[in-house]
Amino acid sequence: MSDIYHEGQRRLQDRFDSRRLADRLDERIVHDRIGDKERAFIERLDMFFLATADGQGRPNCSYKGGDPGFVRVLDERTVAFPSWDGNGMYLSAGNLLANPHVGMLFIDFARQSRLRLNGVASIDEHDPLLADYPGAQLVVRVRVRELFPNCPRYIHKLEPVEASKYVRAGCAPPVPDWKRSDLARDVLPANDPARE
């Protein structure tokens, strides 16, 4: 079995008599390798949620979206995804510099299934994959600590309507209107495309 559970989780498992169930799930579905089924699931999705925490443990959760396949499975222990130009706050990427532990939640709303991936992240502004992600500033690589499917019971069935106009395979995204507004235009970074 893995070391997925800490004392707080064990206390609640004991309180609600679910320790045996938790141990069975850990034994049977939690693993540290990405198999063919998980690879196909991850690479067909166009979004996921990323949980990070800063050095004091204060959490942040971000939505990450792109074309299907923007999260790449590099090998059985590693995934990678781009960190595109955003609002300049660097809440997720900055947290990774202080605390590299992450949680990734992949949800397929149309098929009502999900997968959790917990691991240790690194970021690199010179990663060779950067060339494959036009407009990206960094590439995040995550080394898998544990990976497991999660009960789909409460996932709402949703169908995609339209992809974001900012997601365009193989080319840099257009400049968002808010960057040209009074809110931001006078404080943009020197190399921001919105300054043109």
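Okay, charges to begin with: this chain carries 29 positive and 30 negative ones, and their mean positions sit 5 Å apart. Keep in mind that what we're looking at is a predicted model.

Now the overall layout. We've got four helices and seven strands. If you walk along from the N terminus, the order goes α-α-α-β-β-β-β-α-β-β-β. Going by the C-alpha atoms, the chain fills a box of roughly 60 × 35 × 30 Å along its principal axes. There are 196 residues, and 36% of them count as buried. As for the outside, the chain exposes about 12400 Å², with carbon and sulfur atoms supplying 53% of that. And take the contacts with a separation of 6 or more: 61% of those join residues 24 or more positions apart.

Let's go inside. In soluble globular proteins, nonpolar side chains tend to be buried together. Here, the largest nonpolar core has 22 residues. Which residues have the most contacts inside it? Those are Val79, Met104, Phe106, Leu117 and Val142. The elements that put two or more residues into this core are helix α3 (36–44) and the strands β1 (47–53), β4 (78–84), β5 (101–108), β6 (113–124) and β7 (136–150). The top contributor is β7, with four residues. There's also a second, separate core of five residues, and Leu129, Tyr133, Ala136 and Val139 are among them.

Have a look at phenylalanine 106 while we're here. Setting aside anything up to four places away in sequence, Phe106 touches a whole list of residues, including Phe41, Ile42, Leu45, Met47, Phe48 and Val71. Also on that list are Ser113, Arg114, Leu115 and Leu117.

That brings me to serine 113, which lies in strand β6. Is serine 113 buried or partly exposed? Its relative accessible area is 21%, and buried would need under 20%, so serine 113 comes out as partly exposed. Beyond its neighbours within four places in sequence, serine 113 is in contact with Phe41, Arg44, Phe106, Ile107, Asp108, Pro152 and Ile155. One more distance for this residue: serine 113 and proline 160 are 47 residues apart in sequence, and C-alpha to C-alpha they are 15 Å apart in space.

Next, cysteines. How many disulfides do we count? Zero. Why is there no bond between cysteine 61 and cysteine 151? The closest cysteine sulfur to that of cysteine 61 is the one in cysteine 151, and it is 19 Å away, so that is too far for a bond. Seen from the other side, the closest cysteine sulfur to cysteine 151 is the one in cysteine 61, again at 19 Å. These two residues also sit in their own surroundings: cysteine 61 is exposed, with a relative accessible area of 56%, whereas cysteine 151 is partly exposed, at 36%.

Last stop, back towards the start of the chain: helix α1, residues 7–15. In α1, the buried residues are Gly8, Arg10 and Gln13. What do the buried residues of α1 pack against? That would be α2, residues 19–29. And if you look just past α1, there's aspartate 17, which has a positive phi, near 55 degrees.

Note on methods:
Residues are numbered from 1 along each chain as its sequence is written. This is a predicted model: local features need pLDDT of at least 70, side-chain atom pairs count only at pLDDT 80 or more; totals for chains, interfaces and linings use all residues. Side-chain values use heavy atoms; hydrogens and water are left out. Buried means under 20% relative accessible area, exposed over 50%, partly exposed in between (1.4 Å probe, protein chains only). Contact means heavy atoms within 4.5 Å. Accessible areas come from the Shrake-Rupley method with a 1.4 Å probe; for residues, only the protein chains shown count as cover. Lys and Arg count as positive and Asp and Glu as negative; His and the chain ends are not counted. The place of a charge is taken as NZ of Lys, CZ of Arg, CG of Asp or CD of Glu. A nonpolar core is a set of buried Ala, Val, Leu, Ile, Met, Phe, Trp, Tyr and Cys residues joined through side-chain atoms within 4.5 Å. A disulfide is a pair of cysteine sulfur atoms within 2.5 Å.
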